[in-house]
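Q: I'm new to this structure and would love a close look at a single part of it. Could you walk me through its aromatic rings and strands in a friendly way?

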Amino acid sequence: MISRVKRCRFAFIFSLMLAGAMPVPALAGPLPPPEGDVMLRVTGDIEHPNMGDELHLDRTLLMSLSPSVIETETPWTEGVGRFKGPLVRAILDAAGARGDTARVHALNGFEAEIPVTDFHDYDVILAIERDGEAIAVRDLGPVFVLYPFDDHPELLTETIRFRSVWHVGTIHVP
């Protein structure tokens, strides 16, 4: 159990990181359990769980992991959107994931298997904001696998559209 002092210290440090006043350090071990609503679970072959044998992440923890912005059009939205969220590779690194694929499960039962190489070849994020607002479930959220389509037009394929899972709840590393 994490003491109140450690939780406050963690919250203060991560608020500095999110504000850009302090760099995000390389993770040396497991993240603390989330204090807010869990937005994402990472399961399977991972070294750094924080809840049982899973990694649970709330908004604060997600945004502490290499928050990035992608400005792009998508096949599902109108116009260029400014999407923000953590790099998927940073989430897998934080989990200590040991696998070549990630099976992404949506809240509605849809799932897609994505090669981990995608996350290293491209700055794929788990978008949790669009144009400064949380992404609602009715608008592909609350968590959405987003590839940088405008930066890499070669990604506009049926395969990549299939991998761009909406309503993400779990990433499983077999």
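To begin, in which sense do strand β8 and β9 pair, and over how many bridges?

A: Happy to help! Keep in mind that this is a predicted model. Strand β8, residues 129-130, pairs with β9 in the antiparallel sense, and two bridges join them. Here Glu-129 stands opposite Ala-134 in β9. Both strands belong to an open sheet of four, ordered β3-β4-β8-β9, with antiparallel pairing. At its edges are β3 (67-72) and β9 (133-134), each of which pairs on one side only.

Now for the aromatic rings. The count comes to six aromatic pairs. In one of them, Trp-76 and Trp-166 meet edge-to-face, 5.9 Å centre to centre with 80° between the planes. This pair links distant parts of the chain, 90 residues apart: Trp-76 is in the loop between β3 and β4 (81-86), while Trp-166 is in the loop between α5 (158-163) and β11 (168-173). Trp-76 counts as partly exposed because its relative accessible area is 27%, and Trp-166 is partly exposed too, at 32%.

Another edge-to-face pair joins Phe-110 and Phe-162, 5.2 Å centre to centre and with 70° between the planes. Phe-110 lies in the loop between β5 (101-106) and β6 (111-115), and Phe-162 lies in helix α5, 52 residues apart. Phe-110 is partly exposed at 36%, as is Phe-162 at 44%.

Finally, return to Trp-76 and Trp-166: ring pairs link them with Phe-83, Phe-144, Tyr-147 and Phe-149 into a cluster.

Methods
Residues numbered from 1 in each chain as written. Predicted model: local features only at pLDDT ≥ 70, side-chain atom pairs only at ≥ 80, totals over all residues. Heavy atoms only, no water. Pairing = 2+ DSSP bridges. Phe/Tyr/Trp six-rings, centres within 6.5 Å; stacked < 30°, edge-to-face > 60°. Buried < 20%, exposed > 50% of the residue type's maximum accessible area, 1.4 Å probe, protein only.
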